[in-house]
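Let's take a walk through this one together, starting from a single helix and working outwards. Keep the viewer open as you read.

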Number of protein chains: 2
Amino acid sequence: MTKHFWTDDVSALLRVGPDFDLRRVDPSSTPGTAADKRAGATELAASAQELRGLQEKLFAQSRLGAEDRLLVVLQAMDAAGKGGIVNHVFAQLEPYGLALTAFKSPTPEERTHDFLWRVEPRVPGPGVIGLFDRSHYEDVLIQRVRAFAPPEEIERRYGAIVDFERRIADAGVRVVKIMLHISPEEQAARLLSRLDDPEKYWKYNPGDVDERLLWPDYMDAFGIAIERTNVEHAPWYVVPANAKWYARAAVQRIVISELHRMAPEWPQPDFDVAVERARIEDSIDLRWPA
Amino acid sequence: MTKHFWTDDVSALLRVGPDFDLRRVDPSSTPGTAADKRAGATELAASAQELRGLQEKLFAQSRLGAEDRLLVVLQAMDAAGKGGIVNHVFAQLEPYGLALTAFKSPTPEERTHDFLWRVEPRVPGPGVIGLFDRSHYEDVLIQRVRAFAPPEEIERRYGAIVDFERRIADAGVRVVKIMLHISPEEQAARLLSRLDDPEKYWKYNPGDVDERLLWPDYMDAFGIAIERTNVEHAPWYVVPANAKWYARAAVQRIVISELHRMAPEWPQPDFDVAVERARIEDSIDLRWPA
């Protein structure tokens, strides 16, 4: 952690509490720090080693039987910076211990199943940090706003999500859910910037504007989803994201805090070190035929 | 590319040609460069942007229908540096466009199927760089050395691999196979170093020494596998790997060369830029109820 970057425990500040109200979160705020963009980049790099060290221990201990693993769910309006979080925070992790799933609109086959059918196989294995770019929460966000499912089915899903997340938590998965929160003005600026640069056209989807026009409905849906599924075994964090540097540093610190909480340890060897050393040393002078 | 790091086209130098003989490759050599460890790290970082830029274009064009994708197969004796290649070369890529599969000993279910059954689902989708840490080549390496399958079955597999790789090449997959080549002396030193550091115990597997004692058989099996499966549509590269800095810089340059060969292009938009700009601008002054 860069000295003085965080003036407070950002993880505690952004964790959704009992009196949470999404309307009171200012997307331009930077809770827990008085730093700026330049300091944010420095903090990201300075904490990378701490993040990687925790990941390596988590992965290492799984090789000898520990079952702990972390699942980070990212949800946000379009252009809120999920991609940047993946490419600037999670890209710092070793690929062996990272499992990214970008959920798209359900396929025809997926639609014939319960909404959690496609999610279950993407739950990370022991030692792995799973990362969901969108998730089962789309099934109570766009599906609610667009009425793709009837109200009683949406209602059922909140409970189904809580049960699902409890079940995987019982199997060793720490579930952490993060909403990146931008303002509609910031979204407009970011969408326009994609149209200013031919190298960014591919990131632009006209459908994003259709969803944008339903902004208040989405904020309602987010607020309800967070309230209904914010449980001790699978907490929500809401990260103000108008400032990209802040959102990245904050998400990195949240992940680091959650990993510290899991307290991974280097595993004990399941072999005799002296015996193995002798076996290797005995083999050094072997003269194999050329 | 760092100026003067490569004195020659390393990709061409390391690509297996018709008269290839594995016994003539010196694992301590550094073909194509006269540089040293320090320069190697600099080259890796200096070429990272070129690598990422190519990957991003490859990924971007797939969003609008291009089918090209790259599959890199890594094979080597234990401790030859596959993990380092993944963590230092491929970790520089954006996670969205990288799909890593670390193949382990086949499970009981996998054993009941043809050896390619578990490989097919791991072939990367359009725009993605697939990375195999071990692969279907284990089925003609350890399986040959250990006689886990009868000779006629091993023989069948060489042809099956060539056919399989041709089929996926026809579907848009550029297949590139890389052997990291170390000496047995270097392997012994690396295995011993894992026993010197309790934080590395988890990387040590006593079984690695069992395989080590069969070194000449493995070199024979590698030589035969390379000879039988080195085809235009799926070439082999053999990278001297006693010097980690060299192997990493060389693999990075091979991947960059292969990506240049695929010549990805920023895709044309499938929407009207002016229309979309107007739609966003019209939405900026919307006053949604708080």
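Start with helix α7 of chain B, residues 151–170: its 20 residues reach 29 Å from the first C-alpha to the last, close to the 28 Å expected at 1.5 Å a residue. Bear in mind that this is a predicted model. Quite a few residues of α7(B) are buried, namely B:I154, B:R157, B:Y158, B:A160, B:I161, B:V162, B:F164, B:E165 and B:I168. What sits over them? The cover includes β1 (69–76), α6 (142–145), β4 (173–181) and α10 (215–229), again in chain B. After α7(B) comes B:G172, which has a positive phi, near 110°.

Now to the sheet. Chain B holds an open sheet of five strands, in the order β2-β3-β1-β4-β5, with parallel pairing. At its edges are β2 (98–102) and β5 (236–240) of chain B, each of which pairs on one side only. From one strand to the next, the twist averages 20°. Over at the β2 edge, β2(B) and β3(B), residues 129–133, pair in the parallel sense over five bridges. If you want a spot to zoom in on there, B:L100 has B:L131 in β3(B) as its bridge partner.

Next, have a look at β4(B). Nine of its nine residues are buried, so β4(B) is largely enclosed by the rest of the structure. In a regular strand, side chains alternate between the two faces of the sheet. Here both faces are covered: B:V173, B:V175, B:K177, B:M179 and B:H181 are buried on one side, and B:R174, B:V176, B:I178 and B:L180 are buried on the other.

The neighbours of β4(B) come next. With β1(B), β4(B) pairs in the parallel sense over eight bridges, and with β5(B) the parallel pairing runs over five bridges. B:I178 is a handy landmark here: B:L74 stands opposite B:I178, and B:I178 in turn stands opposite B:Y237 in β5(B).

Then there are the helices lying against these strands. Helix α11 (residues 244–262) of chain B lies across β1, β3, β4 and β5 of that chain, running at about 155° to β5(B).

Switch to chain A for a closer view of α10. Helix α10(A), residues 215–229, has 15 residues and reaches 21 Å between its first and last C-alpha, close to the 21 Å expected at 1.5 Å a residue. Its buried residues are A:W215, A:Y218, A:M219, A:A221, A:F222, A:A225, A:I226 and A:T229. They cover an arc of only 160° around the axis, which puts them on the same side of α10(A). The spacing fits a general rule: an α-helix has 3.6 residues a turn, so residues three or four places apart point the same way.

Zoom out to the whole of chain A and you have twelve helices and five strands. Its C-alpha trace spans about 75 × 45 × 45 Å along the principal axes. Of the 290 residues in chain A, 53% are buried. Among contacts between residues at least 6 apart in sequence, 83% join residues at least 24 apart.

Finally, how do the two chains relate? Chain A can be laid on chain B with an RMSD of 0.0 Å by a turn of 180° and a shift of 0.0 Å along the axis. That is the relation of a two-fold axis. In chain A, the C-alpha nearest the axis belongs to A:A91, 3.5 Å from it. The copies meet through the same surface, because 98% of the interface residues of chain A are also interface residues in chain B.

Methods
Residues numbered from 1 in each chain as written. Chains lettered and ligands numbered in written order. Predicted model: local features only at pLDDT ≥ 70, side-chain atom pairs only at ≥ 80, totals over all residues. Heavy atoms only, no water. Helix = DSSP H or I, 4+ residues; strand = E, 2+ residues; numbered from the N terminus. Expected span 1.5 Å × (residues − 1). Buried < 20%, exposed > 50% of the residue type's maximum accessible area, 1.4 Å probe, protein only. Arc of directions from axis to C-beta. Contact = heavy atoms within 4.5 Å. Pairing = 2+ DSSP bridges. Axes fitted to C-alpha atoms, helices over the stretch in contact; angles between N-to-C directions. Least-squares fit on C-alpha atoms with pLDDT ≥ 70 in both.
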